[in-house]
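Reader: Before I set up any calculation on this protein, I would like to go through its fold and a few of its residues with you. Could we begin once the structure is in view?

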Amino acid sequence: MSRSLVIKVTAGMDAPERCSQAFTVASVAASSGVDVSLWLTGESAWFALPGRAAEFSLPEAAPLPDLLEVVLTAGRVTLCTQCAARRSIGPDDVIDGIRIAGAATFVAEAMQDGVQALVY
């Protein structure tokens, strides 16, 4: 049985190191062949919008747009429904490949057999 990784990132530009760690772990896992689901919640919700990841900067860290692209290519990226609504972000606003889904979907993913869930 292969294992999967569900990562919920709650931090954005408000906590850059925590944010970068989440995206780095997700992209390394995805590029290593691990089934990865990255959830954008809280302040990281803004990174679902085109161009917003390019505004993120952290010394000695990989560029956030590159990390996001790896996960979009090799895994899944989901924007939290409530987080999107609080920021007036709709399905037509997000980067192609990012879905909007809620807590029930997160719980269903996290509770599957062989899943490791991490929250940053």
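Author: One definition is needed at the outset: a residue is called buried when its relative accessible area is under 20%, exposed when that area is over 50%, and partly exposed in between. The model discussed here is a predicted one.

Reader: In what order do the elements of the protein run from the N terminus on?
Author: The protein holds four helices and five strands. Read from the N terminus on, these elements follow the order β-α-β-α-β-α-β-α-β.

Reader: What radius of gyration does the protein have?
Author: The C-alpha atoms occupy a box of roughly 40 × 35 × 25 Å along the principal axes. For 120 residues, a compact globule would be expected to have a radius of gyration near 14 Å, and the protein agrees with this, since its own value is 13 Å.

Reader: What share of the contacts in the protein with a separation of 6 or more comes from residues 24 or more positions apart?
Author: A contact here requires heavy atoms within 4.5 Å. Among the contacts with a separation of 6 or more, the share that comes from residues 24 or more positions apart is 71%.

Reader: Is Thr41 buried or exposed?
Author: Thr41 sits in the loop between β2 (35–40) and α2 (64–74). Leaving aside neighbours within four places in sequence, Thr41 is in contact with Lys8, Val9, Thr10, Cys80 and Cys83, and its C-alpha atom is 7.6 Å from that of Ala11, although the two are 30 residues apart in sequence. Because its relative accessibility is 7%, below the cut-off of 20%, Thr41 counts as buried.

Reader: How many disulfides are there by the rule used?
Author: The rule asks for a pair of cysteine sulfur atoms within 2.5 Å. By this rule the count comes to zero.

Reader: How far away is the nearest cysteine sulfur from that of Cys80, and is Cys80 buried or exposed?
Author: Cys19 is in no disulfide, as its nearest cysteine sulfur, that of Cys83, is 13 Å away. Cys80 is also in no disulfide, and with a relative accessible area of 15% Cys80 is buried. For Cys80 the nearest cysteine sulfur is again that of Cys83, which lies beyond the cut-off of 2.5 Å, at 3.1 Å.

Reader: Which residues does Ser20 contact, leaving aside its neighbours within four places in sequence?
Author: Ser20 belongs to helix α1 (residues 16–31), and at 6% relative accessibility it counts as buried. With the sequence neighbours within four places left aside, its contacts are Phe56, Leu58, Ala61 and Leu67.

Reader: What relative accessible area does Gln21 have?
Author: Gln21 is likewise placed in helix α1, and its C-alpha atom is separated by 9.9 Å from that of Ala62, 41 residues apart along the chain. Gln21 is described as partly exposed because its value falls between the cut-offs of 20% and 50%, at 44%.

Reader: Where is Glu60 found, and what is its phi?
Author: Glu60 is found in the loop between β2 and α2, and at 84% relative accessibility it counts as exposed. Glu60 is a residue other than glycine with a positive phi, near 65°.

Reader: And what is the phi of Ser88?
Author: Ser88 is found in the loop between α3 (81–86) and β4 (98–101), where it counts as exposed at 66% relative accessibility. Its phi is also positive in a residue other than glycine, with a value near 55°.

Conventions. Residues are numbered from 1 along each chain as its sequence is written. This is a predicted model: local features need pLDDT of at least 70, side-chain atom pairs count only at pLDDT 80 or more; totals for chains, interfaces and linings use all residues. Side-chain values use heavy atoms; hydrogens and water are left out. Helices (H or I, at least four residues) and strands (E, at least two) are DSSP runs, numbered from the N terminus. The radius of gyration is taken over C-alpha atoms; the globule rule is 2.2 Å times the number of residues to the power 0.38. Buried means under 20% relative accessible area, exposed over 50%, partly exposed in between (1.4 Å probe, protein chains only).
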